[in-house]
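Q: I'm new to this structure and would love a close look at a single part of it. Could you pick one spot, describe it carefully, and then work outwards from there?

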Amino acid sequence: MSSKKNSRPFPLASEIEDVPGTEGWEDMYPYYTRRQPGDDEIFWFYNSMHFPEPMPAFDALTAEVPYTAMGANTTRIFAFPATLGVEHRIINGRVYITAHAVTDPDEIARRTEIFNKRAGHYFENWDELYDKWHKKMLALIEEIDAIEIPQLTEFDDESAVLEGRGIGQNHFVREAYHRCIDMFSVMWHHHFELLMLGYGAYLVFFQFCKKAFPEIPDQIVARMVAGIDILMFKADDKLKSLAQTAVDLGIGKHFVDGADPDAVMAAIEASGEPGEKWMAAFDEIRDPWFNISVGDGFYHYHRSWDDDRTVPFSAISHFVKLIESGEDIVRKTEELKAERKRISDEYRALLGTEEERGAFDQMLGLCHHVFPYVEDHKFYCEHWFTTRFYAKMREFGDLLVKCKLLKDREDIFQLNRSEVEDALVDAMLAWAAGSEPLGAARWQPLVEKRRDILAKFAEWDAPIAIGPMPEHLEDPAVQMLWGITSETLDLWSLPPDQVSQNELHGFAASPGVVEGIARVLKSVNDIGQVREGDILVSTVTTPSWGPVFPKIKAAVSDIGGTMSHAAIVAREYGMPAVVGTGRATKQIVTGQKIRVDGDNGIVTILD
Amino acid sequence: MSQEGRSYISRISELSLADRPLAGGKSASLGELTSAGVAVPPGFVVMTPAFDEFLRTAGADAEIRQEIESLAHNEISQVTAASKRIRQRIGQLPVPPDIGDAICSNYREMSLNGAGCPVAVRSSATCEDSESASFAGLQDTYLWVRGEEQLIERVRSCWASIYNAESITYRRRLELPEDQISMAVVVQQMVDAICAGVMFTRSPTTGDKSVIVIEGSWGLGSSIVSGEVTPDHFVVNKVTGEINKRNISDKVVEHTADPSGSGVREQAVDDQRRRAPCLSDESIAELWQIARKVERHYAAPQDIEWAICRDPDTGEQKINLLQSRPETAWATRDVEPAAKPTAKAFDHVLDLLSARKKRT
């Protein structure tokens, strides 16, 4: 590969042109996300793992806030010796990032001293700190739920006078908005609090395994580490129990694959007493389990299971079918645990010395200790909290509609963080003045224009990377989070004539070989289209896609490593998966026959 | 079988590794495999006393042994000349009648379904396949041998092969005493191999003990050993049985039984099979099980020869092992430990992230 390496395979930042018809798009995003003069010297890669779609103006917050929090954790709080944070740019709606590292040995030594003390404290007190973390997150969710958004009623409540508060309700509009944004920031700081150290534990075990067993597949390391009782599988179990309840009550027939969830609900409600009983069971698990979002919380339109029941109901219909055909769908956790133990015991026994076995025990033990956090934090952060956060933002949207500034509550997400505040202040002023807000003529056409820009951005073929090819890329954080190594770059930078049009290479994430019909999903909102026996081809697969996995034969994704959720879930269901192909959704078309070779990480287009 | 015959002949299934001095390395290993519960083509062994008696009766033993011991391993032309001379001489020595009778009567017992069943005749020297000295492949093997006359001829050829130039050089280099060298011969039912190959319970390329590397091709395994075919290559996870890698090659030729009934011929593989995998996933799974069993039995990594054969009576496919010997290339190498325990488990993470230890 190196012999024919393309010396400049990626465009420079300055060479990227605007998409026609999107003039003025830069105003959607804050100035610090725009390209800078020195950017051409830097290697950037498209973070399509977290941001597979163009960013609506408001959603740019979901890049800004996590990067503020992640960098704080690595650069300033723990002082990771060689790892700093991530810088980002938004180009034609896509988020490009570059990771900063420390290379000066003296500087690394200075940071190491601080890092060892601080990281050591966290590892030493992990259980206590995790327990504290859990309480903090539950309190934060409760806090954001409790926020009241003033409705700008004609007269202020009498209590403003009787309690001598002396503050008008318009003040609390902006305060509530600020508090929501601040809590979103707090959530992301919590998100990274234990995460980077948790990944560190995994990485050290991963590297040990690769050294002791040079041919060990990544997914085997992942399998030894992966938790069995993780929350994402618990959510799956809840759907299974709803399916079982429906069958027991004799109303399983209402769950038809592909049916409109509202129609299903109506049929259940109309079915009398069994329907009531099922609804009671449903209400019991709805909070928190239906706060799971179909995305990872990075886009406002990735709705929760409760907002859009297509995904969970489709899973329930599949489970109903299995139960009715006599299959036992209960997850065999004890068997899974026994198998995980057998695998790790056998690898342990294959090690050459007692010393190595001792180190193996320490590292794997540490992984099992810290991994519940790594696997479960998403449920609290990206799903539960974020679902509530967007729900609050929609309430602000309602207020802006009520004040005639916007036409639809969803329009709020076409304004960026500061613009939303501007619009709210407009409403606050008008309410106080007894006049009409002035922004309708400003915001409403802008919302339309931005919708149009996003549609054009969606058609843009975003380069997978930008800038000069780095000599090597051995950033452990980049490898852990994005699955990108020097080898990945080599593959990305192959000249077009060397890229096979029928073959895609990625990580062998879950073993096995199958052939079938591709279902290409460019947007997570299309997930309802997935049918029994499809091979799922997607940009990225998030944990909440779990429910479609029982229906599909294999999974392929553009982005993701062996610890990505597509990989974890595919292994759980024992189906082949190839992740991190870079371009599967661009090259494969729905309906094509493809072969997924999860042993070698190869996807072949057969048509 | 006469009392006398018994000391010349043993069934493979009666042998174990402990019998190496009288049965040679290969026979002992085959016997051991049988006792490990692994299928091996049935047969018998012409034990070393037969060879010793053969040389002694002819009055040739002392002479030959002295001649060899006087050679220097690096005098190649002398070794070659001596080898040629001795082998020629052995080829003309008569096989004592009682030994010949013992071989033939055992052969007849094998040939229940008609006279002259095809057999493989393989040398089994007393010094081969010991853990320190991999002696494999230095002596002869004859496939598809039929009939008593041909069998006796091939047994004698095997005996003679202990004096081929490579073997002599090898023994002289290690200065092995000649009076402790002897040769047994395995006479084994010939397997009608659909495909055959080798497998390694430790990766030959990386030394990884967690994989089983399987190589196979159509027909007899001799096409792989001789390098005439690039075999299909599979890497199987030893722990889970999952197939990590599969490279299916273009298998141009195969070795099969000569239609004349004896000997082996090379023929082109038909187009349908050339690029088709020679092993099904089920067969790979079975080989994986066998490899695990054999390795566990010996408590050490093994290099194994296998063949998938059709049962002549039922037509069913069955995996047979033809050989298993300890892996020696990696066993003798010093491998740096991947890690050592630290005072606290999390020190590993601190070490990694702080680059406290030099990263490799």
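A: Let's start at a hairpin in chain B, where strands β8(B) and β9(B) are joined with 5 residues between them. Within that turn sits B:G241, whose phi is positive, at about 80°. Please keep in mind that this is a predicted model. The two arms of the hairpin pair in the antiparallel sense, and 4 bridges link β8(B) to β9(B). To see the pairing for yourself, find B:F234 and look across to B:R246 in β9(B), which stands opposite.

Is β8(B) enclosed or open to its surroundings? With 5 of its 6 residues buried, β8(B) is largely enclosed by the rest of the structure. A residue counts as buried here when 20 or more other C-beta atoms lie within 10 Å of its own.

Next, look at another partner of the strand. β7(B), residues 211-218, runs antiparallel to β8(B), and 6 bridges join the two. Two of the pairs are easy to trace: B:V211 has B:N237 of β8(B) as its bridge partner, while B:I212 is matched with B:V236 of β8(B).

Stepping back, these strands belong to an open sheet of 6 strands in chain B, ordered β9-β8-β7-β6-β12-β13, with antiparallel pairing. At the edges are β9 and β13 (317-326) of chain B, each of which pairs on one side only. From one strand to the next, the sheet twists by 20° on average. A helix accompanies this sheet: α11(B), residues 281-298, lies across β6 (193-200), β7, β8, β9, β12 (302-310) and β13 of chain B. Relative to β12(B), that helix runs at about 140°.

The hairpin also takes us to the other chain. In the meeting of the two chains, 32 residues of chain B are in contact with 41 residues of chain A. β8 (232-237), β9 (243-247) and α12 (347-353) of chain B are the elements that give two or more residues to chain B's side of this contact. Of these, α12(B) gives the most, with 5 residues. By class, the side of chain B that touches chain A has 16 nonpolar, 9 polar and 7 charged residues.

Elsewhere in chain B, B:M183 makes a good second landmark. This methionine lies in strand β5(B), residues 183-189, and counts as buried because 28 other C-beta atoms lie within 10 Å. Leaving aside residues up to four places away in sequence, B:M183 touches B:G24, B:T48, B:F51, B:S123, B:A125, B:C158, B:W159 and B:I162. B:E63 is 120 residues from B:M183 in sequence, with 17 Å between their C-alpha atoms.

Now cross over to chain A, where helix α13(A), residues 354-402, packs with other helices. Helix α3(A), residues 126-146, meets α13(A) at an angle of about 10°, with 10 Å between the axes. Angles under 35 degrees count as roughly parallel, and α3(A) and α13(A) are therefore roughly parallel to each other. Among the residues making this contact are A:W126, A:Y130 and A:M137 of α3(A), and A:Y373, A:Y380 and A:W384 of α13(A). By class, the contact of α3(A) with α13(A) has 12 nonpolar residues, 1 polar and 3 charged.

Helix α5(A), residues 169-193, also packs with α13(A): their axes come within 11 Å and cross at roughly 170°. That makes α5(A) roughly antiparallel to α13(A). This contact includes A:Y177, A:C180 and A:F184 of α5(A), along with A:H377, A:C381 and A:F396 of α13(A). Its residues divide into 9 nonpolar, 3 polar and 1 charged.

Finally, chain A as a whole is assigned domain 1 (8-113 + 461-481), domain 2 (231-331) and domain 3 (494-605). Taken over C-alpha atoms, the centres of domain 1 and domain 2 of chain A are 39 Å apart. Their contact takes 7 residues from domain 1 of chain A and 5 residues from domain 2 of chain A. On the domain 1 side, those residues are 3 nonpolar, 2 polar and 2 charged.

Terms used:
Residues are numbered from 1 along each chain as its sequence is written. Chains are lettered from A and ligands numbered from 1 in the order in which they are written. This is a predicted model: local features need pLDDT of at least 70, side-chain atom pairs count only at pLDDT 80 or more; totals for chains, interfaces and linings use all residues. Ala, Val, Leu, Ile, Met, Phe, Trp, Tyr, Cys and Pro count as nonpolar, Asp, Glu, Lys and Arg as charged, and the others, Gly among them, as polar. Domain bounds come from an automatic or database domain assignment. Axes are lines fitted to C-alpha atoms, for helices over the stretch in contact, and angles run from 0 to 180 degrees between N-to-C directions. Angles under 35 degrees count as roughly parallel, over 145 as roughly antiparallel, 65 to 115 as roughly perpendicular and the rest as oblique. A residue is buried if 20 or more other C-beta atoms lie within 10 Å of its own, exposed if 12 or fewer, and partly exposed in between; C-beta atoms are placed from the backbone. Two strands pair if DSSP finds at least two bridges between them.
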